[in-house]
Amino acid sequence: MSYLITQGRYVGMIAKSNNRSGAAGVAIGPGIVTTTAVAATDIVHQIPVGRSFYVLKLMWYQNTGVNMTLVIGTLSNAGVPAMVQMFPTLLALPGIPGGLNENDLVGVEFMLNSQAAGAGWTGDLYVESYAAGVIAAGVQISAELAEKA
Amino acid sequence: MSEVANIYDNGPLSLIARIKDTISVYTAKKWSHFQIAFAEPWPRSSPLRVDVVALAGATTIAANTNIAKRLVPLLQITDGEMVCARFEPLDDVECVIWEQSGVGRFISRNNQARVDMATCLRDPYLASTTFFIMGRQRDMNLEVVNPNPVALNQARVQFRGFRYVLDEITPDLSTVVTPQGQPDKNRQEEIIRQLAAGDKATVAQFIGPTTWLPAEGR
């Protein structure tokens, strides 16, 4: 995204790394989320009530021995929540750290969409990893965020 | 004490007058005169933030449409109080404010200005968004407009300001007497009319130094 977004329009932001704060946020070890093989369950950041956020930085690493892909997005409001992809799919090569910073990422604003199943989403940041098109575990990912309040 | 408050100066919002100062407020087409009994800040914070989409019971604000003007409960105060506030939208909507629901603010003869996300770029302290609320049942109404060709999920608007508790001033007219020493009713009524009309000399004589405030533009 353009630095204009974060340094001009949205003054007073709070940057957090992998913080799961919020009404129902469950604290896990801050810093890194390691993806699991369960669909759409790997939460990276939960929006505090009334706020929204941008992702400023993403870092990832995996050493499973095969190429993997990362899907970054949020979760639908469906009864069985599904991933709503927000960024293009990322490639995670084995043994090679990867990362994108604010300049590389598009300025997607993660926010609650309270519409019912099919149209709405939570706005929380989720990640899912795939190997050969199948959900697979083992990618470490951490994110830096700027919340708008 | 300033004769004209610097409320629209391009600087941080501060008290328009101090406790025990006198203010003269233009409201409901006349000037009323008060003494400030108490004042406190309303810091910018989440309780002073309203999501107009949620307030309207909606789930989105549709593309290129508006959410009709409506009361903002978080800004409601009681009689004998006044709020001086500034505001900004946190999402990409344009805000239109109304005195109660019938009279627009920030208006010209044929137009009404809005506050959008870019307002703070040219006006970093949001001085041009300053507005007042006087007492109960004189609430501000807020309309939001979505200028985007897509629907928006939220239309959050953030407020901040100061709340004042006011005592209405009753002018001492005991010195207004006829040559025979009786209360001069005609002259007293004329003084009260002059005070309501905001006549500066009369206000200076019977109210004292004051700060003039344009609370309502009706």
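Two residues are said to be in contact when heavy atoms of theirs lie within 4.5 Å. The legends below describe close-up views of a predicted model.

**View 1. Gly198(B) sits between two helices of chain B and has partners elsewhere in the sequence.** Gly198(B) belongs to the loop that runs between helix 3 (185-197) and helix 4 (200-206) of chain B. When its neighbours within four places in sequence are left aside, the residues in contact with Gly198(B) are Trp31(B), Val203(B) and Trp212(B). The C-alpha atom of Gly198(B) is separated by 7.4 Å from that of Lys30(B), although these two residues are 168 residues apart along the chain. Because its relative accessibility is 15%, and buried means under 20%, Gly198(B) counts as buried.

**View 2. Strand 8 of chain B gives the most to the lining of the largest cavity.** Rolling a probe the size of a water molecule over the atoms shows where empty space is left. A search of the whole structure finds one cavity of 30 Å³ or more, and about 90 Å³ of space lies in the largest cavity. Its lining is made of 14 residues, and those that lie nearest the centre are Trp98(B), Glu99(B), Phe132(B), Arg138(B) and Met140(B). Two elements of chain B, strand 6 (94-99) and strand 8 (131-134), each give two or more residues to this lining, and strand 8 supplies four residues. Sorted by class, the lining has eight nonpolar residues, one polar residue and five charged residues.

**View 3. A salt bridge between Asp91(B) and Lys148(A) joins two chains.** Side chains of opposite charge can pair when their charged atoms come close. The side chains of Asp91(B) and Lys148(A) meet in such a salt bridge, with a distance of 3.9 Å from N to O. Asp91(B) lies in the loop between strand 5 (81-89) and strand 6 of chain B, whereas Lys148(A) lies in strand 11 (residues 140-148) of chain A, so the pair joins two chains. Both Asp91(B) and Lys148(A) are buried.

**View 4. Asp91(B) also forms a salt bridge with Arg156(B).** In this pair, the closest N and O atoms of Arg156(B) and Asp91(B) are 2.7 Å apart. Arg156(B) lies in strand 10 (residues 156-168) of chain B and Asp91(B) in the loop between strand 5 and strand 6 of chain B, so the pair ties together parts that are 65 residues apart in sequence. Arg156(B) is buried, as is Asp91(B). Salt bridges that share partners join Glu109(A), Lys148(A), Asp91(B) and Arg156(B) into one network. Over all chains, the count of salt bridges comes to 11.

**View 5. Arg18(B) and Asp21(B) form a salt bridge between an exposed residue and a buried one.** The closest N and O atoms of Arg18(B) and Asp21(B) are 3.9 Å apart. Arg18(B) counts as exposed because its relative accessibility is 56% and the limit for exposed is over 50%, whereas Asp21(B), at 12% relative accessibility, counts as buried.

**View 6. Phe106(B) and Leu126(B) have a positive phi although neither is a glycine.** The phi of Phe106(B) is about 60°, and this residue is placed in the loop between strand 7 (103-104) and helix 2 (119-122) of chain B. Phe106(B) is partly exposed, with a relative accessible area of 22%. Leu126(B) likewise has a phi of about 60°, and Leu126(B) is found in the loop between helix 2 and strand 8 of chain B. Leu126(B) is buried, with a relative accessible area of 8%.

**View 7. His45(A) is buried in a strand of chain A.** Chain A has one helix and 11 strands, and the helix precedes the strands when the chain is read along the sequence. His45(A) is placed in strand 3 (residues 42-45) of this chain, and its relative accessible area is 0%. The C-alpha atoms of His45(A) and Leu145(A) are separated by 8.6 Å, while the two residues are 100 residues apart along the chain. Among the contacts in chain A with a separation of 6 or more, 76% are accounted for by residues 24 or more positions apart. Of the 149 residues of chain A, 42% count as buried. Chain A exposes about 6,800 Å², of which carbon and sulfur atoms supply 61%.

Methods
Residues numbered from 1 in each chain as written. Chains lettered and ligands numbered in written order. Predicted model: local features only at pLDDT ≥ 70, side-chain atom pairs only at ≥ 80, totals over all residues. Heavy atoms only, no water. 1 Å grid on protein atoms, 1.4 Å probe; cavity = no way out; pocket = protein on both sides within 12 Å on 5 of 7 lines; lining within 4 Å. Points joined across faces, edges and corners; volume = space filled by probe spheres on them. Nonpolar A, V, L, I, M, F, W, Y, C, P; charged D, E, K, R; others polar. Buried < 20%, exposed > 50% of the residue type's maximum accessible area, 1.4 Å probe, protein only. Areas by Shrake-Rupley, 256 points an atom, 1.4 Å probe, with all protein chains shown as cover. Salt bridge = Lys/Arg side-chain N within 4 Å of Asp/Glu carboxyl O.
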